[in-house]
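Me: I would like to work through the strands and helices of this model, one feature at a time. Where should we begin?

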Amino acid sequence: MAHPDSGIPGAAIGLTPRHGGLAALSLAALGIVFGDIGTSPLYAIRECFHGAHSVHATTLNVLGVLSLIVWSLVLVVSVKYLAYVLRADHHGEGGILALTALAVPSREKQPDRWGKPLVLVGLFGAALLYGDGMITPAISVLSAVEGLEVIAPSLRPFVLPVTVAVLVGLFWLQRHGTRAVGAVFGPITAIWFLALATIGVYQILQEPRVLVALNPIWAVRFFVDNGRAGFVVLGAVFLVVTGAEAIYADLGHFGTRPIRIAWFFLVLPALLLNYFGQGALAVRDPSAVENLFFRSAPSWSLVPLVVLSTCATVIASQAVISGAFSLSRQAVMMGYLPRLKIEHTSSREVGQIYMPAVNWALMLATVGMVLAFQSSSALAAAYGIAVTSTMSITTVLAYRVVHRRWGWPFALATLVTAVFLVADLAFFGANLFKIAEGGWVPLLLAAVVLTLMTTWKTGRTLLARRISERTTPLWRFMDEVRAEHRELFLSRVPGTAIYMSSTPDVVPLALAYTTRHLRVLHDRVVILTIRTDDTPHVELAERAWVEPLGRGVWRVTGVYGFMEDPDVPELLRHVASLYPELQIDLGRATFFLGHETILASELPGMAKWREHVFALMARNATRATRFFGLPAERVVEVGAYIEI
């Protein structure tokens with residue numbers, strides 16, 4: 001497999017990448033790119049005055065928090081992501097793994113000593129996003145449904161059951177695809193942002209003095225007045241920028257212009273107006289901090305607002321779930337996860353996929369978080385540590401890109417990185433206090449995912465080495481075939497045999513066994529290797545590499561991007577269009593696959609427990625027949641026990 005350089009995918013919901021006019025893409029980006037950050041007003045500012053590490057809602061504190069929120073959105077989202085990181089696209093794709101590939105190119109002839117550590121750091125950043133995918137739906141939907149308590153306190157017992165029902169329904173619907181509802185995601189989210197702005201203006205008009213918080217001096221004064229407590233509140237302030245990674249992750253689906261237009265013309269103004277509106281209410285009525293968002297709205301609007309906010313949080317959750325599917329597919333293609341079942345839920349939209357194993361694992365984790373923490377406030381106490389870690393990693397990787405790839409002077413690259421890193425590390429430090437309150441959960445999950453990814457990658461390398469030790473180099477085998485070496489005693493039989501091989505330079509295990517034990521070789525033999533390139537999509541002209549080896553034996557390499565799914569029958573049809581000699585009747589050809597049973601051993605390579613984990617992952621991987629789209633009735637598997 002090629003070195004990973006994919007972006008963390010966003011939710012390709014009802015869209016063809018870069019398809020549609022600028023206005024349509026900007027509208028679609030609202031629900032997919034900004035769904036997560038757009039639902040932060042439900043709980044973010046409340047946690048600053050009512051959470052586990054809050055401060056009293058005095059006028060000075062409210063102005064200080066509002067100032068921190070304003071400049072966090074400006075520095076982290078507007079400057080860092082939209083003006084700086086968004087430029088680091090990899091063939092049009094974005095995300096932390098795309099940044100990793102730009103920082104440490106897989107084809108770099110002389111990688112320095114920081115190459116491998118940075119790749120590992122990038123993988124850990126990707127693994128952290130699974131933790132985000134677990135908490136985001138839980139806290140978003142729960143915070144919206146908690147509006148029922150504001151409508152009528154007697155409805156409090158129904159909050160958890162309704163939340164769980166909404167989440168289970170959301171995950172259950174994944175199998176059916178999201179095209180039908182995806183078409184309305186943008187308009188619903190646009191209505192949501194307009195509602196945020198309207199509520200904010202309604203409250204600001206009653207307390208316009210909160211607008212002085214636009215001056216950053218109020219943020220400085222907040223730290224001076226509150227000391228350590230003010231620093232800890234940064235952990236709650238950070239909640240206003242959670243979801244910023246999705247901006248870079250969804251670059252490949254929309255491009256920079258639609259994302260920037262949506263942010264600056266609607267999302268940012270709506271968020272600021274709503275946060276200032278909640279701040280205005282906190283100044284007038286400090287007792288309202290228990291649920292500032294819903295108390296900011298007129299009483300007559302509570303019921304429709306609860307419905308709208310629930311829809312908005314479902315949309316935000318859908319984007320995160322779809323992103324987890326795409327991330328998992330890329331990890332499979334890059335060789336960091338075993339083959340997983342992938343279902344395409346749309347014949348038109350290539351980004352719409354469904355992965356049952358990932359879906360149900362996320363559902364159990366998300367529902368478990370809701371039942372364990374019981375409230376969005378408790379979840380907020382655990383939310384943020386994984387996201388701040390990812391953001392810090394992004395800053396570090398971006399430094400290497402701008403300095404080594406873009407040629408920025410050392411002083412300029414260091415200065416820009418230092419500014420962003422100060423903000424990232426401040427947020428990270430404030431969120432460290434959340435680890436004991438539940439923040440360890442996403443960190444533990446990320447550690448488990450990273451362990452699985454590195455174990456699978458290392459295990460596949462060891463397996464290929466053990467197989468090569470049991471077979472012979474392909475060139476030696478072909479020398480014997482060409483010379484009709486009498487030691488082979490091979491009988492040529494009619495037909496076409498296609499041998500799948502992960503290592504094109506050695507004889508496939510299935511071919512070695514059939515020639516060694518059956519003493520037969522088909523008249524036409526194709527040794528087929530599927531390779532994942534370090535680009536999102538591969539042009540058709542570069543899809544296949546064909547090499548005739550003589551005596552009716554061909555070596556074919558199919559090349560796919562990390563955003564593509566391999567399709568062997570389609571690949572062979574493409575090869576036949578280039579080489580008429582390789583016209584293959586798939587109804588008569590035979591596909592030979594090696595099926596290895598992995599055994600842990602004392603051989604050097606991995607720790608014994610990791611060998612057992614690798615063996616377990618291998619046993620539960622999706623069969624190659626399904627993964628590569630092979631005709632099941634034409635497949636022969638040759639089994640072997642391999643010690644690693």
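Me: Which residue in S8 is the bridge partner of phenylalanine 592?

Reply: This is a predicted model, and in it the partner of phenylalanine 592 in S8 is valine 636. S7 and S8 are joined by 9 bridges and pair in the parallel sense.

Me: What does phenylalanine 592 pair with on S3?

Reply: Tyrosine 499 has phenylalanine 592 as its bridge partner in S7. Strand S7 covers residues 590–599, and its pairing with S3 is parallel, over 3 bridges.

Me: How many bridges join S3 to S4, and in which sense do the two strands run?

Reply: S3 (residues 491–500) and S4 (residues 520–532) run parallel and are joined by 8 bridges. One position to look at is threonine 496, which lies opposite arginine 524 in S4.

Me: In what order do the strands form the sheet?

Reply: The order is S5-S6-S4-S3-S7-S8, an open sheet of 6 strands with mixed pairing. Strands S5 (544–550) and S8 (635–643) each have a single partner strand, so they stand at the edges and one side of each lacks a neighbour in the sheet. From one strand to the next, the twist averages 25 degrees.

Me: Now the helices. How is a packed pair described?

Reply: One gives the angle between the two axes and the distance between those axes. For H5 (residues 96–103) and H6 (residues 115–145), the axes come within 9 Å and cross at roughly 175 degrees. Angles over 145 degrees count as roughly antiparallel, and H5 and H6 are therefore roughly antiparallel to each other.

Me: Which residues make the contact between H5 and H6?

Reply: From H5, Ile96, Leu97 and Thr100 meet Leu118, Val119, Gly122, Leu123, Gly125 and Ala126 of H6. The contact comprises 6 nonpolar and 3 polar residues, with no charged ones.

Me: What span should H14 have, and where is its kink centred?

Reply: Helix H14 (residues 256–284) has 29 residues, so at 1.5 Å a residue it should span 42 Å; the end C-alpha atoms are 40 Å apart, which agrees. The kink in H14 is about 45 degrees and is centred on tryptophan 263.

Definitions and conventions:
Residues are numbered from 1 along each chain as its sequence is written. This is a predicted model: local features need pLDDT of at least 70, side-chain atom pairs count only at pLDDT 80 or more; totals for chains, interfaces and linings use all residues. Side-chain values use heavy atoms; hydrogens and water are left out. Axes are lines fitted to C-alpha atoms, for helices over the stretch in contact, and angles run from 0 to 180 degrees between N-to-C directions. Helices (H or I, at least four residues) and strands (E, at least two) are DSSP runs, numbered from the N terminus. Angles under 35 degrees count as roughly parallel, over 145 as roughly antiparallel, 65 to 115 as roughly perpendicular and the rest as oblique. Contact means heavy atoms within 4.5 Å. Ala, Val, Leu, Ile, Met, Phe, Trp, Tyr, Cys and Pro count as nonpolar, Asp, Glu, Lys and Arg as charged, and the others, Gly among them, as polar. Two strands pair if DSSP finds at least two bridges between them. The expected span of a helix is 1.5 Å times one less than its number of residues. The bend at a residue is the angle between axes fitted to the seven residues ending there and the seven starting there.
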